Amino acid sequence: MADMFPLYRAAQVRAMDRRAIEQWGIPALELMNRAGAAAWALLQARWPQARRIGVACGPGNNGGDGYVLARLAREAGCVVHALSAPGGQPRRNPARAALAAWRAAGGRVESFDGMLPDVDVWVDAIYGIGLSRPPSEAVRALIERINASRRPVLALDVPSGLDADRGHADGVVVEAHLTLSFIAAKQGLYTGQARDVDGDVQLDRLGLPAIDTDQDPPSAWLVRDRDLSAWLAPRHANAHKGEHGHVLCVGGEVGMGGAVRLCAEAALRTGVGLASVATRSAGVAALVAARPEAMTHAVEDAQALAPLLERASVLAVGPGLGQGDWGRELLSAALATGKPAVLDADALNLLAAVPEELPQAVLTPHPGEAGRLLGCSTADVQADRFAAAAAMATRYRAVVVLKGAGSLVAAPGRVPVVIGAGNPGMATGGMGDVLSGVIASLLAQGLPAFEAAVAGALLHATAGDAAAGVDGERGLLPSDLFPHLRRLANPA
C-alpha cells in the first residue's frame, strides 16, 4: 500500500514518551525544553511580526512546554504574558522546573481574572493530551476569552478541550489556527470536529529516532494526495476495455435520475471499461442524452434487472434508489448475486431497516446514515467516528467509508485509514453519488475492496480540493469534480 503516515492514540504516545526517558536516557525536562523550543521556532516562522505573546499554561507537562516557550520568547525581546487558570500551578517536577526557569529569567505568572492582555498571538498550553473530562468552569472561561480575542492561536500538542483519540470536544475547546503535535501524530486531530479547531497540524518528533511502525503499530493511518500513485499505476499499451471491469449503477427512482447519472459518469471518469445504468423508464431518455457513454436500461422490476446483473462485475446500488417497493426489490436482487457492491444513500437506509452481513460490500454512509445503520444518533457517531466506523465494519462485516471531514475507512481486521483531503464545499447533494461511482470503478479495475475504498475516497476528496481551488468552495457542484477525477486518476 502507499507510504502512509502513522497516527496514534494518546496512550501510545505517552508510552513513547516514557521509553525516551527510561530506555533512551533523555530527561523529561530535556524533552520539555525541546518541545518549547520547537513551538517557539514555529510561532516565529508563522507570525514573524508578533512581539506580544500570550501563553496560557495548565498544570501538566503541556503547561511546562508553555513556560519554556514563554522564556524563549522573552529572551528574544518579546513582551510575554504567562497566564494560568486558578489552581493551575504545575503538578510534576519537569513542569515545576520549567516554571522556575521562567521566573528566574524575570518572568511572572498572571492569574486569569476574567480579562486577557492584548497580545498578537496566543499559545494554548493548557491541557494537551492530558484532558479526560470537560474543562473546569475557570478554564472554560479562559478558553472562551481566548477564542473571542480573534487573535491567532498556536496549540501545543492538541487544542485544549479536544479529545486526542476521538477528535471530539465534550465541552468548550480552543479554536487554534496552528497545532504542533509532539513525538507522534494523534489520530483525533485529523477527523470530525477536530478539523474545525486544530487549523494546520504539524508534527515535531523532538529529536527522537524515526518511528518504527513494527515496534509501534499505529492505531490508524493517514493518506494524502501524494499517495494516489500507489494505487493508480499507468496502463499497459495493449490494454482493452474488458480488462477494466464493468460497473452497473442501480438507482434513479422517478425524480432522482441525476443521482445515478453522477454515479455512472464518475465510474467512467475514473477509468472503468464499461458502465451500465439500471433505472426507471421515465429517466432513460434524459440519461442517454446527458451521458451516452453509459449504457442505460429501463428496469421496472428484478426480472428486468437480472441480465444486467449477470453481465456486470461490480455493482453500485443506492444513488436515487428510493425506499419504495421498486428500490427494495432491486437492492435485494443485487445483493443476492454476491457480487462486489458499493452501497450508498437509500441502499443504506434499506439495509438499516433489515440488517445483514455483507462481506462483499463497501458501505459509504454519511453520519446520519451511519446512525441509522448502528441504531444511534448522528451526534453519537460524530462523538467518536473511529468507534462508529469500527462498529459498522463489525456489524455488517463490510468495508465502511464513514464520510465527513476526515473520512474514515474501516474493515474487519484492518487498521483504519483517515483521508487527509477534502473540503467543506463538498458538503452538497450528489457528492456521495460521485464517490460511489469512483469506488465501484476502482473495484472493477481490480483493486481489493479495502484498497479501492481508500484510494477511491482519497481520489474523490483530492478532486474536490482541486475543483475548489478553481473558484472556491461555496457553490461547488459534484459534476465539477469530473475533469479533476480524470486528471488525478492518471498520476504522473
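**A guided tour: sheet, pockets and one buried histidine**

Begin by selecting Ala56, whose bridge partner in strand E3 is Leu83. The model on display is a predicted one. Extend the selection to residues 52–57, strand E2, and to residues 79–84, strand E3; the two strands run parallel and are joined by six bridges.

Next, display the whole sheet to which these strands belong. It is an open sheet of seven strands with parallel pairing, and the order to follow across it is E4-E3-E2-E5-E6-E7-E8. At its edges, select 109–111 for strand E4 and 200–204 for strand E8: each has a single partner strand, so one side of each is left without a neighbour in the sheet. On average, neighbouring strands of this sheet are turned by 25 degrees against each other, direction ignored.

Now add residues 61–75, helix H3, which packs on the sheet. Helix H3 touches E2, E3 and E4, as well as strand E5 (121–125), strand E6 (153–156) and strand E7 (178–182). The direction of H3 makes about 160 degrees with that of E2.

**The two largest pockets**

For the largest pocket, with a volume of about 1200 Å³, select Gly404, Ala405, Ser407, Gly422 and Asn423, the closest to its centre among 46 lining residues. Then colour the elements that give two or more residues to this lining: helix H6 (194–197), E8, helix H12 (367–374), helix H15 (431–444) and helix H16 (449–471). H16 supplies the largest share, five residues. By class, the lining comprises 18 nonpolar, 16 polar and twelve charged residues.

Move on to the second largest pocket, which has a volume of about 950 Å³. Of the 40 residues that line it, Gly60, Asn61, Asn62, Arg92 and Tyr127 lie nearest its centre. Helix H1 (10–22), helix H2 (28–46), H3 and helix H5 (137–148) each give two or more residues to the lining; the largest share, six residues, comes from H1. The lining of this second pocket holds 21 nonpolar, nine polar and ten charged residues.

**Last stop: His244**

Finally, select His244, in the loop between strand E9 (220–223) and strand E10 (246–250). Its relative accessibility is 10%, and buried means under 20%, so His244 counts as buried. To see what surrounds His244, show Arg235, Ala239, Gly271, Val272, Gly273, Ala444 and Gln445, with which His244 is in contact when its neighbours within four places in sequence are left aside.

Notes: Residues are numbered from 1 along each chain as its sequence is written. This is a predicted model: local features need pLDDT of at least 70, side-chain atom pairs count only at pLDDT 80 or more; totals for chains, interfaces and linings use all residues. Side-chain values use heavy atoms; hydrogens and water are left out. Helices (H or I, at least four residues) and strands (E, at least two) are DSSP runs, numbered from the N terminus. Buried means under 20% relative accessible area, exposed over 50%, partly exposed in between (1.4 Å probe, protein chains only). Contact means heavy atoms within 4.5 Å. Two strands pair if DSSP finds at least two bridges between them. Axes are lines fitted to C-alpha atoms, for helices over the stretch in contact, and angles run from 0 to 180 degrees between N-to-C directions. On a 1 Å grid over the protein atoms alone, a cavity is a set of points where a 1.4 Å probe fits but cannot get out, and a pocket is an open set with protein on both sides within 12 Å along at least five of seven lines; lining residues have an atom within 4 Å of a point. Grid points are joined across faces, edges and corners, and a volume is the space filled by probe spheres set on the points. Ala, Val, Leu, Ile, Met, Phe, Trp, Tyr, Cys and Pro count as nonpolar, Asp, Glu, Lys and Arg as charged, and the others, Gly among them, as polar.
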